[in-house]
Amino acid sequence: MSGIATREIQVAGAAGPIPARVYRPTDAPVGVPLPVIVYFHGGGWVIADRNVYDASARALARESSAVVLSVDYRRAPEFRFPAQHDDALASYRWTVANAPSIGGDPARIAVAGESAGGNLAIATAIAARDAGLPAPIHILSIYPIAGSDLNTPSYQENANAMPLNRAAMAWFLHHTLRTDADASDPRINLVAANLSGLPPVTIIAAQIDPLRSEGEMLTERLRAAGVTVERREYPRVTHEFFGSDMLLPEAKTAQVYAGARLRAAFVRNIADPTK
């Protein structure tokens, strides 16, 4: 895909440096700081990396006219929960302090992610709030893991769906969590977390996805907490569709929508930095 320049860097993780990839639109003005999106890939916290989710990161850079920092947080089972969440927060903290080093504007930082990464995006915003860090100006959460109940209506409906199904999600949780009690931790079970005071959220959902119901519940919980949230569900597509714009028109439509939501947030922040 043309129009995006990339370079490999390392950022501070919770236990040492971790790899990351910087994406920047090639038509961006030289020397002008761009908004930044800290992006967390999917894979159930166990598999995949920035290479597997390269298409999604490129699409976000292209559609939002922003620098994207795609972070390779530590993965289970070698590094179990909460290593992934600790790395996500550390990488966000690094970005707040070092955005100019990647051509970014520290006053315009958003967080984004897919699936397990969609969970990390919201959990990172919560952790930043609790740590007194500057809040991201927007959260993009694409079909997030938002709970640990494998018997929701969408799990029953899509128990054998592909590429994600009930057995696969149980496998991811088994390899990620230290004990059964971790399943109730609000960093995993976002629908039970304190969501108050978060920045605006965009949730992208797929119809054929066992995570669909918990995403719906998360949307309701965010609204109940007074958070501005917009959720858009795409019919006839499965979990992991977002990066498949070369094959699926719905993916391209979702990418354009995500980019528009992020661009609007970045523009509002320029007009009024308090928003």
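Let's start at Glu240, which sits in the loop between strand S8 (229-238) and helix H7 (249-271). Keep in mind that this is a predicted model. What is odd about the backbone here? Phi of Glu240 is near 80°, a positive value in a residue other than glycine. As for its surroundings, Glu240 has a relative accessible area of 27%. That makes Glu240 partly exposed, because the class runs from the 20% limit for buried up to the 50% limit for exposed.

Now hop back along the chain to Ser115, in the loop between strand S5 (104-114) and helix H3 (116-131). Ser115 isn't a glycine either, yet its phi is positive, at about 60°. Is Ser115 buried or exposed? Its relative accessibility is 4%, and buried means under 20%, so Ser115 counts as buried.

So much for phi; next come the peptide bonds. Take the loop between strand S4 (67-71) and helix H2 (83-98), which is where you'll find Pro82. Which residue does a cis peptide bond join to Pro82? The partner is Phe81, and omega for this bond is about 10°.

There's another cis bond to look at, this time in the loop between helix H4 (153-157) and helix H5 (166-176), where Pro163 has its place. Here the cis peptide bond links Met162 to Pro163, with omega at about 5°. If you're clicking through the model, stop at Phe81 and Pro82, then at Met162 and Pro163, to see these two bonds for yourself.

Key
Residues numbered from 1 in each chain as written. Predicted model: local features only at pLDDT ≥ 70, side-chain atom pairs only at ≥ 80, totals over all residues. Heavy atoms only, no water. Helix = DSSP H or I, 4+ residues; strand = E, 2+ residues; numbered from the N terminus. Buried < 20%, exposed > 50% of the residue type's maximum accessible area, 1.4 Å probe, protein only.
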